[in-house]
Amino acid sequence: MTSFLPEGSLLGTEENDRFFRGPAALEEARASQRILEARAVVCDPDHNLIVDLGFTRGLIPRCEGAAGISDGSTRDIAIISRVGKPVCFVVTGLSRSCSGRMLPLLSRRQAQQRCREEYLSRLVPGDVIPGRVTHLENFGAFVDMGCGLPSLIPIDHISVSRIAHPRDRFRPGDSILAVVKSLEPDGRICLSHKELLGTWEENAALFQPGETVAGVVRSVENYGVFVELTPNLAGLAEPFGEVRPGQHASVYIKSILPDKMKIKLILVDAFDAAYTRPELRYFVTGGHMDRWVYSTSSSPRKMETIFSPAAGENEKNEEASL
């Protein structure tokens, strides 16, 4: 796995913390240009970050706080928002403050630049990478691909089963997997997630007719209620009383029809609950994907993703609404 991990992956690990045992260890990190992590505790009025190194505090000058700060392509919120959170950096120098205390000089920008040049620039569509959710918007989830460098998973690429908001799947701080969907001409990397959550057949194999199982109501139509059984599998139940999207449900599985890619359900009950979200089940956990076919071989409807270098031309989706 890559050594350029999302911020927060190294904090508290032995391989990281041994460099904070004293000046000699920190000098070793400086000489080797080791990427380290520690928690930012203050952002001063000039937007310099103060970082807690244990035996002392280090300084990330504003211009070293993030790639793009100097030329204005990155806003200062990228620095301010790191207070209280882990930041990655390389040690660039060991100086002393006016009071004589050791003041290590650090650069997050250099760590990000190395991540971009040595890792992200080598990715191709179909590569599966680790990520960490940083924040959520109505239109998708922002993900740290490594060293705090962000990308977006659009909401319609989070799962096959449609959701109202990314919070239905993720929380900030979640460690997830993602797949590189495309590389944009401006260098941006577009990510997807649903291809890692299994095909229709893989998910349907988790259930059998006659079972009564738990689900989540995702949409209510005049012809029935779509209930999500897993993030990449939903079934249809007949209309049922006053049901609302987001409610939990217990459903009886009436039939599973691979040729039609349908699961017929009977809704036993729908209710409000605040259960902990189940951990995501990944059917692909690493490596590379050239092609992903969600639909069954016997279904006339096709849903697939073909990972190719051509941005925006790698998805074919003829699947009905789930």
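Which strand pairs with strand E1 (residues 36–43) in the antiparallel sense over four bridges? In this predicted model, the partner is strand E4, which covers residues 86–96. Within this pairing, Leu36 sits across from Phe89 of E4. Strand E1 also pairs with strand E2 (residues 49–52), again in the antiparallel sense and over four bridges. Here Cys43 faces Leu49 of E2. Together, E1 and E2 make a hairpin, with five residues lying between the two strands. One residue of the turn, His47, has a positive phi of about 65 degrees.

Strand E4 is also home to Leu94. Leu94 counts as partly exposed because its relative accessibility is 31%, a value that falls between the 20% limit for buried and the 50% limit for exposed residues. Beyond its neighbours within four places in sequence, Leu94 is in contact with Pro23, Leu26, Glu27, Leu103 and Pro104. Lys302 makes a useful second landmark for a reader finding the way around the model: Leu94 and Lys302 are 208 residues apart in sequence, and their C-alpha atoms are 59 Å apart in space.

It helps at this point to step back to the whole chain. Its 322 residues include 47% that count as buried, and its secondary structure consists of five helices and 18 strands. Taken along the principal axes, the C-alpha atoms fill a box of roughly 75 × 40 × 35 Å. Among contacts in the chain with a separation of 6 or more, 61% join residues that are 24 or more positions apart. The chain exposes about 15,700 Å², and carbon and sulfur atoms supply 51% of this area.

Two further groups of strands deserve a closer look. One is an open sheet of five strands, arranged in the order E8-E7-E6-E9-E10 with antiparallel pairing. Its edges are formed by strand E8 (149–154) and strand E10 (189–192), each of which pairs on one side only. From one strand to the next, the twist averages 55 degrees. At the E10 end, strand E9 (residues 175–183) pairs with E10 over four bridges in the antiparallel sense. Val180 has Leu191 of E10 as its bridge partner.

The other group is a barrel, into which five strands close in the order E11-E12-E13-E15-E14. The pairing in this barrel is mixed, and neighbouring strands are turned against each other by 50 degrees on average, direction ignored. Strand E11 (residues 212–221) and E14 run antiparallel and are joined by five bridges. In this pair, Thr212 has Tyr252 of E14 as its bridge partner. In a regular strand, side chains alternate between the two faces of the sheet.

Tyr252 brings the barrel and the surface of the chain together in one residue. Its place is in strand E14, which spans residues 248–257. Is Tyr252 buried or partly exposed? With a relative accessible area of 33%, Tyr252 is partly exposed. That value also matters for the surface, because patches are made of residues with over 30% relative accessible area. Tyr252 indeed contributes to a nonpolar surface patch of about 250 Å², which it makes with Ile266 and Val268.

Definitions and conventions:
Residues are numbered from 1 along each chain as its sequence is written. This is a predicted model: local features need pLDDT of at least 70, side-chain atom pairs count only at pLDDT 80 or more; totals for chains, interfaces and linings use all residues. Side-chain values use heavy atoms; hydrogens and water are left out. Patches are made of residues with over 30% relative accessible area and no salt bridge: like charges are joined within 9 Å, nonpolar side chains (Val, Leu, Ile, Met, Phe, Trp, Tyr) within 5 Å. Accessible areas come from the Shrake-Rupley method with a 1.4 Å probe; for residues, only the protein chains shown count as cover. A salt bridge is a side-chain nitrogen of Lys or Arg within 4 Å of a carboxyl oxygen of Asp or Glu. Buried means under 20% relative accessible area, exposed over 50%, partly exposed in between (1.4 Å probe, protein chains only). Two strands pair if DSSP finds at least two bridges between them. Axes are lines fitted to C-alpha atoms, for helices over the stretch in contact, and angles run from 0 to 180 degrees between N-to-C directions. Contact means heavy atoms within 4.5 Å.
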